[in-house]
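I opened this one to see how the pieces fit together. These are my notes, in the order I looked things up.

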Amino acid sequence: MAAPMDLNIPHCDENLLKEKLCMSHQLGYEVVAINYYDPELLIPKKQKKKDDAHQVKSPDKILPSKEVLQSITKGSRKPFKVLSRVSTILTEETQAHKLISEEVQQFDLIAVQPTSEKTFLQACQTLNVDIITIDVTEKFNMKMRRQTISPALERGVYFELQYSPSIRDSTYRQYLIANAQKLMFWCKGKNVILTSGCEKAMELRGPYDVANLGLLFDLNENQAKDTVMKNCQAVLSHSEGRKDYTKSTIKVEKVKELSKTDMWIVDKSDALQNCEEFDLENNAVSDLHQFDSSDNDDEEEDHDSDAVESEPKKIKLMTT
Amino acid sequence: MKRVVPTGKLIFERTSFLNENEKHLQCILTHSFNSSIGVFLPEHDCVPRILGDMMDDQMSYYVEQVPLNLLTETDFIKGFVQAGSLCMISYGTCIDSDDCVAVTPEGMLVMSLCKDTYQRCGLDGHLSKAGKNIEKFVVKVDLKSDKFYPGTKYYDRVQWCLSQMANFDFLVTWIPNDGKVCPSSIQNFFKTKSIQCNRLKVNKTNHEFKNFNIPIIDPAVIETDSEQKSCNYDEVFEWLGACAVGIDDYEGDDYLSTYSCPTPNKQASYCIYTQYEGIIHPSIVKQYINYLRQFMKDKKLPWSSVTVHGFVDSPLSWIYDHGFHNNGDNIYTFLMFPNDEYWLYRAIGGQDICP
Amino acid sequence: MELYCTLPKSVKDPSDQHKKKKKGNETINDFLTEFLPNKRIKTGENSLKDKVLMLDSVRQKWEKPLKTKCRNSLSAKDRRRFKVFDIEQGEHRFNDYIPLHKMWQEYMMASLDIKRYNLPNPGPKKENNERLLKADYHGCMITVRKTKCPSLLGQSGIVLMETKNTFKIVTKDNKLKILPKMNSLFSFTIKEFVFTIHGSQFCSKSSMRVRKKFKFKGSADL
């Protein structure tokens with residue numbers, strides 16, 4: 001569903017968080033991600049002051065409880081989903097391996113903010129993240145080239161711009177517009193999302209207003225609207241591919257947890273349903289395997305088991 | 001120079017009701033999903049009672065959580081789709097972010113689906129033409145078709161696919177072909193299927209204007225010239241919109257507003273604007289406009305206007321795909337004159353297709 | 001047709017008119033017009049102008065060098081010719097392949113440890129999933145769950161053959177269907193778990209999948 005989404009609401013204390021969530025629901029956002037910002041995640045151990053092992057908060061602690069969510073969506077027919085997100089700053093390339101650790105991968109969304117050219121290149125090309133944050137509080141110094149950005153576009157990694165800092169301060173407004181226009185020039189308006197990053201509930205803006213803001217960044221109308229809707233949905237499907245699907249290929253779910261609209265899969269997958277009574281013992285399995293009866297015990301499939309006609313040529317067939 | 005998409009488009013036509021080639025009936029009857037109808041009567045103090053009764057007598061319902069395969073069952077098709085003119089539109093769904101479903105009076109089930117739902121649905125459809133790069137797919141099923149009956153592969157496939165989809169809430173209005181059948185039988189039908197179905201109340205808003213400036217409009221003159229016999233057509237449309245919202249006292253203070261009634265204008269002692277909101281069947285709109293034409297001639301009004309708004313979230317506007325970019329208008333206004341001439345304005349969204 | 005015949009007299013005779021000095025090409029043209037059979041020369045055109053026949057140092061027609069391919073396996077052409085993997089029309093019986101399906105289920109239960117999915121620890125789950133990537137799917141009861149092509153949705157059957165880009169299945173209606181892997185999501189169930197395969201990432205032969213290293217490629221979107 002291409003619903004309007006705000007994928008960056010920073011984590012804070014309970015009451016303020018509840019206010020922000022209420023405000024975002026009222027404004028019309030259907031999916032929201034609570035951002036746990038941890039700048040120390042990727043700092044090498046030697047530089048840390050404390051000797052304790054740095055513990056990343058688990059997503060359960062960040063997300064609000066069910067009662068809070070119910071109180072926010074009371075009486076409203078619109079769905080409201082809250083996701084968890086973690087974001088860090090990447091200063092050195094060598095520390096990026098920590099992002100693959102289990103604790104970080106548990107989050108629904110992972111965002112990284114590169115600070116140097118090398119880390120930016122690394123984030124675009126290889127890192128297993130969903131979002132690359134472009135800092136709007138400073139002028140973007142790094143050289144952007146088509147070769148740097150195109151791997152990110154192909155992989156489905158999205159660039160994020162936050163608009164709340166520009167509401168707070170006028171210099172940040174200048175930086176936001178300058179950085180955004182530079183980014184749009186190189187990525188042609190694709191793969192960009194606009195998020196809030198708000199510190200107070202009053203810094204949130206409605207989805208159509210944020211889409212209008214996109215027009216200032218040299219985007220056309222359709223692209224500007226996509227930054228709040230379609231592109232955010234694409235980020236979510238990228239994170240699903242990273243999290244649920246092993247190597248983006250296979251996903252496992254419990255039958256009980258399937259949604260109502262997916263239950264037909266279970267019916268269709270049952271081979272024995274509505275079939276004639278089958279007597280396995282009498283029905284000789286060996287009938288199928290006409291040629292190599294010794295391969296019955298093999299678990300792996302044998303190409304010869306299908307009906308093979310005799311060939312006039314004498315060719316040595318490959319056996320698996 | 002970048003190509004700028006307009007915020008909205010306005011189509012203007014000037015013709016007469018008596019003209020044989022005119023398409024006013026087509027405009028009214030193909031605009032299936034009407035959410036409100038508003039009438040402006042200059043130099044008159046109240047809307048005739050018959051029109052009010054017409055609106056109140058109309059049976060429209062709000063039905064909750066309808067499974068879509070119910071709409072393809074034979075008893076529903078024979079009893080309602082074929083035996084009358086059924087208008088259904090899904091409620092609470094935004095056309096640009098959710099799935100929207102509607103049934104037109106011609107018996108077409110139209111679904112505007114998101115990419116995700118379309119890929120899980122299994123029915124064939126095309127990309128929505130309401131704008132560029134919009135990832136919505138429109139699936140149409142002809143319920144009145146001869147080939148659509150149980151036993152055919154197509155029917156079974158449609159039934160199976162629709163049963164996998166979620167339930168929707170609908171706004172329903174039905175007019176039976178046979179005058180003896182009561183329209184409330186559709187409510188009984190839903191109740192027998194244990195689906196909650198409540199009568200929808202038509203909201204009425206009135207704006208009365210006293211000692212109010214109204215523009216002088218000559219049907220033959222569209223644009224003002226040096227003699228200034230008649231107002232510009234677009235200024236009149238804007239002024240009608242201002243009246244619809246109830247703006248009456250704007251001529252006083254320059255600081256608050258620089259807007260003024262288009263010239264040439266004259267003062268009228270009473271004017272009234274009445275709007276009815278709900279779901280209004282196109283044939284009722286047609287009766288309404290016909291009655292109003294006669295009423296205008298009888299009471300010798302200089303002109304009168306009827307504005308019909310379509311649903312912002314409807315999947316169709318007239319016969320084309322409808323979308324919402326930042327504007328979901330699909331409204332039309334008849335500005336009628338006693339000599340059977342009329343001006344027809346149609347306003348649509350910037351990326352919609354012109355009807 | 002006479003391949004060999006004696007030269008005409010006028011050629012032999014040196015005092016013939018044809019041998020009078022004329023401009024070079026004209027002599028040859030006249031000679032050919034007179035002595036070539038009529039069919040060889042189109043009437044009404046000066047067709048001898050551009051006719052060139054190489055008499056000497058003619059290049060031989062270049063033949064493509066034969067591919068020295070490994071002849072241990074059948075080529076695609078041979079496979080089609082000998083109909084190695086075809087099943088006759090009458091032989092598409094779903095019930096015949098149910099034993100194959102049962103065998104596959106046993107194989108899967110043996111190679112995977114289903115109980116691992118109930119554990120909270122994600123480590124063993126990942127190992128399991130990697131085994132799934134290398135597993136063999138012949139005999140699996142597969143269903144198309146989500147696809148860009150609407151008519152493919154809901155097709156389900158037992159996999160008879162898996163090629164690089166398709167699954168050949170036999171449906172419950174005893175029909176052989178070929179499902180392309182691209183742009184589809186396939187699902188199958190084992191006990192109380194539903195597994196979904198992203199077809200576009202799975203486009204490789206079943207034998208090659210064992211060796212192939214799967215890389216994280218991108219979104220779950222089709």
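**Entry 1: strand 3 of chain B**

I began with strand 3 (residues 60-66) of chain B, which pairs with strand 9 (residues 168-176) of chain B in the antiparallel sense over five bridges. I should say right away that this is a predicted model. For one register point I looked up Tyr62(B), and it stands opposite Leu171(B) in strand 9 of chain B.

Strand 3 of chain B has a second partner on my list: three bridges join it to strand 10 (residues 197-199) of chain B, again with the two running antiparallel. Here the pair I noted is Tyr61(B) with Arg199(B) as its bridge partner in strand 10. A reminder to myself: strands of a sheet pair through backbone hydrogen bonds, either parallel or antiparallel.

**Entry 2: a helix pair in chain B**

How are helix 2 and helix 8 of chain B packed, and how far apart are their axes? I get an angle of about 175° between helix 2 (residues 49-57) and helix 8 (residues 282-298), with the axes 11 Å apart. Angles over 145 degrees count as roughly antiparallel, so that is the label for helix 2 and helix 8 of chain B.

Next I listed who touches whom. From helix 2 of chain B come Ile50(B), Leu51(B) and Met54(B), and they meet Ile284(B), Gln287(B), Tyr288(B) and Tyr291(B) of helix 8. Sorted by class, this contact has six nonpolar residues, one polar and no charged ones.

**Entry 3: a loop residue, Gln82(B)**

I picked Gln82(B), which lies in the loop between helix 3 (74-81) and strand 4 (84-90) of chain B. Is Gln82(B) buried, exposed or partly exposed? It counts as partly exposed, because I find 13 C-beta neighbours inside 10 Å, and the buried label would take 20 or more.

Leaving aside neighbours within four places in sequence, Gln82(B) is in contact with Ile77(B) and Lys144(B). I also checked Asn177(B): it is 95 residues from Gln82(B) in sequence, yet their C-alpha atoms are 8.8 Å apart in space.

**Entry 4: chain B as a whole**

Time to zoom out. Chain B has eight helices and 17 strands. Its radius of gyration is 22 Å, close to the 20 Å that the globule rule gives for 355 residues, so chain B is as compact as a globular protein of that length. Along the principal axes, the C-alpha trace of chain B spans about 70 × 60 × 40 Å.

I see 39% of the 355 residues of chain B counted as buried. Of the contacts in chain B with a separation of 6 or more, 75% come from residues 24 or more positions apart.

**Entry 5: where the chains meet**

How many residues of chain B are in contact with chain A? The count is 15 residues of chain B against 14 residues of chain A. On the chain B side I get four nonpolar, six polar and five charged residues.

**Entry 6: over to chain A**

Chain A has twelve helices and nine strands. Of its 320 residues, 36% count as buried. Among contacts in chain A between residues at least 6 apart in sequence, 71% join residues at least 24 apart.

Then the sheet: seven strands of chain A form an open sheet in the order 1-2-3-4-5-6-7, with parallel pairing. At its edges sit strand 1 (5-10) and strand 7 (192-195) of chain A, each pairing on one side only. Neighbouring strands of this sheet are turned by 30° against each other on average, direction ignored.

I looked closer at one pairing, strand 4 (residues 109-114) with strand 5 (residues 131-133) of chain A, which is parallel over two bridges. Ala111(A) has Ile131(A) in strand 5 as its bridge partner.

**Entry 7: helix 5 of chain A**

Which residues of helix 5 (residues 117-125) of chain A are buried? My list reads Thr119(A), Phe120(A), Leu121(A), Ala123(A) and Cys124(A). Their cover includes strand 3 (81-90), strand 4, strand 5 and helix 6 (146-155) of chain A.

So I finished on helix 6: helix 5 and helix 6 of chain A pack at about 30° with axes 7 Å apart, and are therefore roughly parallel to each other. Phe120(A), Leu121(A), Cys124(A) and Gln125(A) of helix 5 meet Thr148(A), Ile149(A), Pro151(A) and Ala152(A) of helix 6. By class, the contact has six nonpolar, two polar and no charged residues.

Notes:
Residues are numbered from 1 along each chain as its sequence is written. Chains are lettered from A and ligands numbered from 1 in the order in which they are written. This is a predicted model: local features need pLDDT of at least 70, side-chain atom pairs count only at pLDDT 80 or more; totals for chains, interfaces and linings use all residues. Axes are lines fitted to C-alpha atoms, for helices over the stretch in contact, and angles run from 0 to 180 degrees between N-to-C directions. Helices (H or I, at least four residues) and strands (E, at least two) are DSSP runs, numbered from the N terminus. Angles under 35 degrees count as roughly parallel, over 145 as roughly antiparallel, 65 to 115 as roughly perpendicular and the rest as oblique. Two residues are in contact if their C-beta atoms, placed from the backbone, lie within 7 Å. Ala, Val, Leu, Ile, Met, Phe, Trp, Tyr, Cys and Pro count as nonpolar, Asp, Glu, Lys and Arg as charged, and the others, Gly among them, as polar. The radius of gyration is taken over C-alpha atoms; the globule rule is 2.2 Å times the number of residues to the power 0.38. A residue is buried if 20 or more other C-beta atoms lie within 10 Å of its own, exposed if 12 or fewer, and partly exposed in between; C-beta atoms are placed from the backbone. Two strands pair if DSSP finds at least two bridges between them.
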